[in-house]
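User: I'm new to this and would like a close look at a single part: the place where the two chains meet. Could you walk me through that in plain language?

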2 protein chains.
Amino acid sequence: MRLSQFHLATVKEVPADAEIASHQLMLRAGMIRKLASGLYTWSPLGLRVLRKVERIVREEMDRAGALELLMPTIQPRELWEETGRWAKFGPQLLKIRDRKEQEFCYAPTAEEVITDYARNELKSYKQLPVNFYQIQTKFRDEIRPRFGVMRAREFLMKDAYSFHLTQESLAETYAAMYQAYSRVFTRLGLTFRAVQADTGAIGGNASHEFQVLADSGEDAIAFSDGSDYAANLEKAEALAPAAARPAAAATLQRVDTPTQKTIDDVSAFLKVSPRQCVKTLLVRGRDGLVALCLRGDHEINEVKAGKLAELPDESVLASEEEILAATGTRPGFIGPVGLPESIPVIVDRDAAVLADFVCGGNADRTHYSGANWERDARITRIADLRNVVEGDLSPDGHGVLHIARGIEVGHVFQLGTKYAEALDASVVDETGKLQVMTMGCYGIGVSRIVAAAIEQRHDDAGIVWPEAMAPWRVAVCVINPKHSPAVSAAAEALYQALGERGIEAVLDDRGVRAGSMFADMELIGIPHRVVVSERGLAAGTLEYRGREDSESRSLGEDELFALLA
Amino acid sequence: MRLSQFHLATVKEVPADAEIASHQLMLRAGMIRKLASGLYTWSPLGLRVLRKVERIVREEMDRAGALELLMPTIQPRELWEETGRWAKFGPQLLKIRDRKEQEFCYAPTAEEVITDYARNELKSYKQLPVNFYQIQTKFRDEIRPRFGVMRAREFLMKDAYSFHLTQESLAETYAAMYQAYSRVFTRLGLTFRAVQADTGAIGGNASHEFQVLADSGEDAIAFSDGSDYAANLEKAEALAPAAARPAAAATLQRVDTPTQKTIDDVSAFLKVSPRQCVKTLLVRGRDGLVALCLRGDHEINEVKAGKLAELPDESVLASEEEILAATGTRPGFIGPVGLPESIPVIVDRDAAVLADFVCGGNADRTHYSGANWERDARITRIADLRNVVEGDLSPDGHGVLHIARGIEVGHVFQLGTKYAEALDASVVDETGKLQVMTMGCYGIGVSRIVAAAIEQRHDDAGIVWPEAMAPWRVAVCVINPKHSPAVSAAAEALYQALGERGIEAVLDDRGVRAGSMFADMELIGIPHRVVVSERGLAAGTLEYRGREDSESRSLGEDELFALLA
């Protein structure tokens, strides 16, 4: 592509409403333009990147044996009623009435339509397993669209749905999709983790999220440095400490803590580590208050707490009045010693191996030091209650955990029979009996990947594309093309030579100043830059600079070709 | 592709609601499945064809220098208000309210959004000309969706929009698009005509429709056998006859035609050719009745009539009462002889060169014979009033016209400044003055092409794809693969060998009976079929049959490769 024939539309100003780097950079690079809230036009530059992602996704889906089809974006209400999701999906579902007052929605996902397709198309176990996918525009009417294409209303998604007779067959396709997704993100050149995800309210048997790591990510991820283990922070297990609880050595003493309520204040005041303190949370259980005890340096994991039999799915801290009524003191001074018998005391694994610890005194302005479990305080039950932290042992026994933030760009899910049952999608099995199919579903946020890649890979000058996603791999920059026919001809020849070698290049023949040209190529993130100038021509060399290099270097043409091969 | 790994879903029954061949065959071949009225899922088989069309369209748009982008399918009401089309577009526009009660539509076309994009992006004449295109889902809420994807509500369209400073620049891009479209349909292997189209109510300067010829087409087209001339029947000019009107020879005679009202009846009764008769239509003009006279064998062209100064755009025949009041007789017996002076007599070019003709007697149950213009009947004006017919001279002076039916699959249009003015899309010209841009627009019905190709190319056995559109070029059919490992291995080897030579093949390894297999491959329209069987293996030959061949023939493997190269 010759840039003089292209519509490059970089802008200098950082747009006021763009909060995150990818949104700012996509606007500044001229990759997208806002049409309305959550609706973006992909410019020629942006679309080049989007199509590269789309192509890699398609190639890996095809390689994994999935069959591409294309469903309508507009779907009839009747099917969504069959699964109950017409009502349950909530206001994210964009509902539409046509000229005949029939109701439809703009597909936010396609379980209903594909299961309807499958119940009409699939009659026998001999047709299974089969995995259908599409790459199609979706719409979710977000209450607060933001972050550009990261959380847009209209977006491009690859969604796949597999159909099976047995759970074993589903597990096989699930594994194949897991591998295909890993290949996709590896080929894209992104640092990612396949993360065990909570299957949550949807149910189903297994689920992994594919997360592109980036500091700005919404999700916290724990992953091992010694294995493939990775999980959402909510899901990562904190192993029980290997060492047993030491014997009690200190005596229980009430100490005055006149103004110290937080662990940090108390530990500083008493000159003990927060690791030697126990913090106690009183929460509303299914049947009265429940005390949760953690080590002072640990944080409660609400998902884990929600799975305790004593607690509802979403636990709520007790109010100051409830605490006062139950313990006679206020928040900040509660502790396990001397709590009323009616309150179960559930202790985190790490808190449970402490001895001689500091904890709240259950009386205003006092704490205990030298406290010990069993001797001074009840343990109703020991459980995993906390978020894992950097340096914890990996739950699979290999390596230690690190914590990073991630952006969810893919999700594989063993759906089970939920949709097939609702829509009565059955096939005849080997014995001639009708059997409801088992399903998997597998999504990739194609347009979101573009933004996530920028979140992971950018610097002060702009985007730093991995080679596979760059709009072009190489920029051939021509200095003063209008003033030197020789330079212009040499640049054109180099551009042609790159093309003949299958190296995708863009020729910046716009004739803009070198500084602007370089700034543009850095902003739009071209991995390799070659400058053709009179000076270089005289010396018989080209000035090369990789996007992440700190300096340029001179290369002969053959060296350049070898470097880019 | 191995068919055992594919979802082939041919069906035997002709679906009841499918009226035309392409709709029936797309359903029988399992290319599409209906989701709701005017909404179709493209199966893996159908999508293969759709994507091939899409790829060729994209390649030719890129080659012509157009820049691909991607606009949202959901567009805000505000922009459509700026051009007045929110109201004017009518009920085909699918209107939508989001969760915040903001109004949007599902794009049926994108002039508003692209012009908005252009007014923000294009500031200077230096950025012109530029031609943006997208290949994107569109929606038109047809009152009566039918004929499958031929007239679906949701469909895939390529729409391009070019921006210019001058009409000359627009004409250049228009010519380039005309060439690109010609290349697209040539590469697709379809018989088509680029047809001069009426620019109609939209205005603009020039317009061509690209029509795929097919007997079932909705549009009648006249095209020359001696040049590129082609036009919609409504638009094709009927040249004035070369010969002058002969001198009057007969005397005017009133003849009884007791029951003969139509030209056919009268000419048979009086034993004269319909070519020697004049038929007269009385229509409601802007200012009283108007008589239109045509040769007996010709048909009125309503578009041409609508352009007469005396007539409104859509003329209506006078009622029996009006005719009776004006002429004293009833329809069937009207003629130009003796019509009241208040009625203008507008005579078609061919009718105007008749002498000694037969015409209505302006009295019940009589006609005239031996009538002559000027002597017996007034001519207010001579005009081109008729549809051209097979054998007419081409208006460009080269060859004679043929009439065919066509399906519109593309449209190029010089829009002018209509949208740019409405949306105030201006650039600075060479003199620093703001100037409204001139636009062209260029559409291709990508999904419609698939149906149109089938209308043009099918037989009793099914679809007859051109090579460029076929889901696969070659079918390798394996006879009894489960009973002969040698046959199975030979077929697999042939399939691999074809792939290595870049020849796209499908291996029918399903193990179904030969008859069903052949019927399937013919139904889905694979251009080349090769059979691998024990008998052929023994003889060292392959049984080859082209889709349009009447018989199979034996080929060596090298002969086959040469034939498919």
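Analyst: Let's start with a term. A salt bridge here is a side-chain nitrogen of Lys or Arg within 4 Å of a carboxyl oxygen of Asp or Glu. Now take A:D98 and B:R153: their closest N and O atoms are 2.8 Å apart, so this pair makes the cut. Keep in mind that we're looking at a predicted model.

That pair belongs to a bigger set, since the count between chain B and chain A is 6 salt bridges. There are also 20 residue pairs in polar contact between these chains, with both partners at pLDDT 80 or more. Charge isn't the whole story, though: the side of chain B that touches chain A has 32 nonpolar residues, along with 10 polar and 15 charged ones.

What about the extent of the interface? In general, people often describe the size of an interface by the accessible area lost when the parts come together. For chain B and chain A, that buried area is about 4,400 Å², and carbon and sulfur atoms give 60% of it. On the chain B side, B:H7, B:L35 and B:R99 lose the most area to chain A, and together they make up 16% of what that side buries. As for residues in contact, 57 from chain B meet 57 from chain A.

Those matching numbers go with a neat pattern. 100% of the interface residues of chain B are also interface residues in chain A, so the copies meet through the same surface.

Next, how are the copies arranged? As a rule, two copies of a chain are related by a rotation about an axis and a shift along it. Here, a rotation of 180 degrees with 0.0 Å of shift along the axis puts chain B onto chain A, with an RMSD of 0.1 Å. The two copies are therefore related as by a two-fold rotation axis. If you want to find that axis on the chain B side, look for B:I96: its C-alpha is the nearest one in chain B, 2.9 Å from the axis.

So, to pull the picture together: chain B and chain A meet through the same surface, they are related as by a two-fold rotation axis, and their interface includes 6 salt bridges, with A:D98 and B:R153 forming one of them.

Terms used
Residues numbered from 1 in each chain as written. Chains lettered and ligands numbered in written order. Predicted model: local features only at pLDDT ≥ 70, side-chain atom pairs only at ≥ 80, totals over all residues. Heavy atoms only, no water. Contact = heavy atoms within 4.5 Å. Buried area = accessible area lost by both parts, 1.4 Å probe. Polar contact = N/O pair within 3.5 Å; in protein donor to acceptor, adjacent residues only side chain to side chain. Nonpolar A, V, L, I, M, F, W, Y, C, P; charged D, E, K, R; others polar. Least-squares fit on C-alpha atoms with pLDDT ≥ 70 in both.
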